[in-house]
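Student: I'd like to walk through this structure with you, one local feature at a time. Could we look at it together?

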Protein chains: 2
Amino acid sequence: MERIRIPRIMQETSKKLLYKSKSIGFVPTMGALHEGHLSLIRRARVENNIVVVSIFVNPLQFGPKEDFDAYPRPIDRDIEILQKEQTDILFMPDAALMYAEGFCTFVEVEGLSNKLCGAFRPGHFRGVATVVCKLLNIVKPTNLYLGQKDYQQAMIIKRLCDDLNIDTNVVICRTVREPDGLAMSSRNLYLNEAERKAAVVISKTLTHISDAIIKGRISCTEVPSMMHRLLREEPLVSEVQYAGIFDPHTFEPLTEYKRGNLLAIALKIGTIRLIDNMLVEIK
Amino acid sequence: MERIRIPRIMQETSKKLLYKSKSIGFVPTMGALHEGHLSLIRRARVENNIVVVSIFVNPLQFGPKEDFDAYPRPIDRDIEILQKEQTDILFMPDAALMYAEGFCTFVEVEGLSNKLCGAFRPGHFRGVATVVCKLLNIVKPTNLYLGQKDYQQAMIIKRLCDDLNIDTNVVICRTVREPDGLAMSSRNLYLNEAERKAAVVISKTLTHISDAIIKGRISCTEVPSMMHRLLREEPLVSEVQYAGIFDPHTFEPLTEYKRGNLLAIALKIGTIRLIDNMLVEIK
């Protein structure tokens with residue numbers, strides 16, 4: 001596995017690969033790799049000649065009171081994992097190279113960025129869109145692999161690529177879950193034992209509501225209150241930021257079912273913020 | 001000369017050229033071509049294997065009260081000129097293909113975009129940065145040619161390329177002038193005979209002040225008032241939006257000379273807005 005720290009060198013490397021007609025599969029991460037990331041890397045491995053994984057904890061997407069400093073950075077373990085997964089290139093840029101002095105250009109996917117998580121994390125998706133635009137220009141991937149767990153992020157990046165004519169195919173992969181249903185997330189590492197057990201309420205609620213919808217047991221307008229009720233039954237849930245049913249393209253709350261429906265939740269267990277979602281198709 | 005209207009086809013064409021190791025020189029224009037554009041195209045012709053010129057009157061960079069509809073579009077004449085200049089590809093996309101339904105992604109070079117012209121044309125440079133980002137992703141040029149006449153625009157695009165890791169070399173070419181000194185501009189076509197004669201006050205003021213600075217006859221703090229005075233002597237000048245001496249990188253007004261100094265003017269003659277600038281180096 002080649003390790004590259006300098007954006008210009010990564011860009012030249014990708015250019016040479018493309019000139020040789022190699023396809024590049026790219027998995028951008030903030031490290032602290034888990035099975036969710038590995039599922040993306042494995043799919044990239046199957047579908048491309050070259051697999052590039054980036055590890056970059058992007059300061060631009062963290063709010064001033066968020067967990068940028070505390071974010072887990074188990075870099076030796078991550079490198080070991082990537083080697084096992086036959087990653088070809090690990091791109092691990094320094095923040096000083098990504099945001100040089102005088103940096104002042106930002107990319108914003110308006111309309112999609114201020115809803116759901118965006119309403120609770122101002123500037124977050126602007127930071128995401130900006131860094132992803134940079135990473136795509138550097139790595140020049142044929143295919144980009146993103147997890148459905150960060151559904152809003154994935155849709156924003158898809159829109160960004162379409163709108164700015166970025167020549168990359170966006171592949172959204174299904175959420176990988178722990179045996180009890182909890183969606184894999186680097187932030188799960190923050191949970192203590194009791195919180196970890198309590199966190200299952202999120203996926204349980206999604207599954208329960210999804211079943212009820214498919215079986216026709218609940219009307220669309222009842223969904224949000226039912227979700228809130230189920231989540232509030234878990235005493236360790238300290239705050240429900242949102243829980244409801246949304247249009248999967250506009251993220252507007254739905255009052256009647258559509259063909260595709262997005263159930264989405266963001267909440268805090270203690271001080272730890274967790275998100276999850278499920279797409280429910282009605283036939 | 002090949003004419004391409006569909007962004008995807010332009011992008012595929014550029015990709016094939018790059019795979020064959022051809023360099024691409026790109027001159028983005030809004031049409032109504034004049035000698036200023038031709039100087040860019042000729043330089044691109046000398047420095048690249050392939051020359052791509054785009055003609056696209058970008059609605060996103062015009063304000064609601066600006067001249068988008070009235071902007072000159074002498075397309076047959078432009079095509080004839082481009083053929084004479086041995087342009088390889090004319091990229092002339094439809095607005096509906098550049099801004100498809102649901103388009104909502106914008107690029108902003110903050111800090112540089114709200115000064116000088118930006119203060120008088122809110123949203124203008126956001127529109128410029130967004131369309132240039134799109135055009136660069138579509139055309140994938142090795143070299144991008146811009147005129148110094150639109151100095152702020154050129155610096156914003158240079159910053160955009162650096163900040164977003166766009167793999168294009170930005171070449172800023174000197175302003176081409178009419179025999180009497182007026183900077184070439186498509187908007188000069190709007191001027192009637194008297195206005196056209198009056199417009200020479202802009203370049204005369206720039207030259208006069210530049211000479212005075214180089215000869216040490218004027219202090220930095222005197223420059224703006226002297227410029228305003230000279231411009232106001234021309235009765236057809238209806239409004240001076242700005243006239244002064246600025247840092248050529250930050251566009252902040254200068255109170256003492258630096259090594260590089262930007263003299264810049266935006267004014268209206270009748271209802272027609274004109275801009276010009278000059279860089280003054282002090283040794």
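The questions and answers below go through some local features of this predicted model.

Student: Let's begin with helix H3(A). Which residues of H3(A) are buried?

Tutor: Good place to start! Buried here means under 20% relative accessible area. In H3(A), the residues that are buried are Asp78(A), Ile79(A), Ile81(A) and Leu82(A).

Student: Within what arc do the buried residues of H3(A) fall, seen down the axis?

Tutor: An α-helix has 3.6 residues a turn, so residues three or four places apart point the same way. The buried residues of H3(A), Asp78(A), Ile79(A), Ile81(A) and Leu82(A), line one face of the helix, because seen down the axis they fall within an arc of 160°.

Student: And which exposed residues does the face of H3(A) turned away from its buried side carry?

Tutor: Exposed means over 50% relative accessible area. On the face of H3(A) turned away from the buried side, the exposed residues are Asp76(A), Glu80(A) and Lys84(A).

Student: What do the buried residues of H3(A) pack against?

Tutor: Happily, these partners belong to chain A as well. The buried residues of H3(A) pack against helix H2 (35-47) and the strands E1, E3 (50-55) and E4.

Student: Just after H3(A), which residue takes a positive phi?

Tutor: Look in the loop between helix H3 (75-84) and strand E4 (89-91) of chain A. The residue there has a phi near 55°, and it is not a glycine. With a relative accessible area of 56%, it is exposed. The residue is Gln86(A).

Student: Over in chain B, Leu116(B) has a positive phi too. Is Leu116(B) buried or exposed?

Tutor: Leu116(B) sits in the loop between strand E5 (105-109) and helix H5 (117-120) of chain B, and its phi is near 45°. Its relative accessibility is 10%, and the cut-off for burial is under 20%. Therefore Leu116(B) counts as buried.

Student: Which side chain of opposite charge is nearest to Glu195(A)?

Tutor: Glu195(A) lies in helix H8 (residues 193-198) of chain A. Leaving out residues up to four places away in sequence, Glu195(A) touches Tyr190(A), Leu236(A), Ile269(A) and Gly270(A). Glu195(A) is buried yet has no salt bridge. The nearest side chain of opposite charge is 10 Å away, and it is that of Arg196(A).

Student: Last one: which residues make the nonpolar surface patch of about 240 Å²?

Tutor: One member, Ile6(A), is found in the loop between strand E1 (2-4) and helix H1 (7-19) of chain A. Ile6(A) is partly exposed, at 39% relative accessible area, and patch residues need over 30%. The patch is made by Ile6(A), Ile9(A) and Leu97(A).

Technical notes. Residues numbered from 1 in each chain as written. Chains lettered and ligands numbered in written order. Predicted model: local features only at pLDDT ≥ 70, side-chain atom pairs only at ≥ 80, totals over all residues. Heavy atoms only, no water. Patch = residues over 30% accessible without salt bridge, like charges linked within 9 Å, V, L, I, M, F, W, Y side chains within 5 Å. Areas by Shrake-Rupley, 256 points an atom, 1.4 Å probe, with all protein chains shown as cover. Salt bridge = Lys/Arg side-chain N within 4 Å of Asp/Glu carboxyl O. Helix = DSSP H or I, 4+ residues; strand = E, 2+ residues; numbered from the N terminus. Buried < 20%, exposed > 50% of the residue type's maximum accessible area, 1.4 Å probe, protein only. Arc of directions from axis to C-beta. Contact = heavy atoms within 4.5 Å. Lys, Arg positive; Asp, Glu negative; His and termini not counted.
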